[in-house]
Amino acid sequence: MNKFSSSEGKVILLGEHAVVYGHPAIVTGIARGAQARATLSASTSLVVGGKELVPGHAELALALDALLAELGSP
């Protein structure tokens, strides 16, 4: 199984926190965004920017574990 996805980004110029409370902000889309690829493997790893993350990236490791748990994957 190989899955790939990409998405454009956004920039919030003014009012970033205000939108949490339902107030307007000045926002624009940008062509630069993010890409993700998932490949079935016997082991679990997370690669960001071409570099495999090591245990020192605790927050990202927790996020990956939560994602895998939600997907029902080991």
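## Exercises on a predicted chain

Among the elements of the chain, strand β3 (residues 47–48) has the lowest mean pLDDT, 78, while β1 has the highest, 89; pLDDT is the predictor's confidence in each residue, from 0 to 100, and helices (H or I, at least four residues) and strands (E, at least two) are DSSP runs numbered from the N terminus. The model is predicted, with local features needing pLDDT of at least 70 and side-chain atom pairs counting only at pLDDT 80 or more, whereas totals for chains, interfaces and linings use all residues. Residues are numbered from 1 along each chain as its sequence is written, and side-chain values use heavy atoms, with hydrogens and water left out.

**Exercise 1.** State the average pLDDT of the chain and the share of residues that score at least 70.

*Solution.* The average over the chain is 83, and 96% of the residues reach a score of at least 70.

**Exercise 2.** Place L68, L46 and E59 in the chain, and decide whether each is buried, partly exposed or exposed.

*Solution.* Step one is the cut-offs: buried means under 20% relative accessible area, exposed over 50%, and partly exposed in between (1.4 Å probe, protein chains only). Step two takes L68, which sits in helix α1 (residues 58–70) and counts as buried because its relative accessibility is 17%. Step three takes E59, which also lies in helix α1 but is exposed, since its relative accessible area is 64%. Step four takes L46, found in the loop between β2 and β3 and partly exposed because its relative accessible area is 25%.

**Exercise 3.** Set sequence separation beside C-alpha to C-alpha distance for L68 and T39, and for E59 and G29.

*Solution.* L68 and T39 are 29 residues apart in sequence and 13 Å apart in space. E59 and G29, by contrast, are 30 residues apart in sequence and 27 Å apart in space.

**Exercise 4.** Describe the largest pocket by its volume, its lining and the elements that contribute to that lining.

*Solution.* A pocket here is an open set of points on a 1 Å grid over the protein atoms alone, where a 1.4 Å probe fits, with protein on both sides within 12 Å along at least five of seven lines; lining residues have an atom within 4 Å of a point. The largest pocket has a volume of about 900 Å³, and 25 residues line it, of which R37, A38, T39, S45 and L64 lie nearest its centre. Two or more lining residues come from each of β1, β2 (26–39), β3 and α1, and β2 gives the largest share, 5 residues.

Methods:
Points joined across faces, edges and corners; volume = space filled by probe spheres on them.
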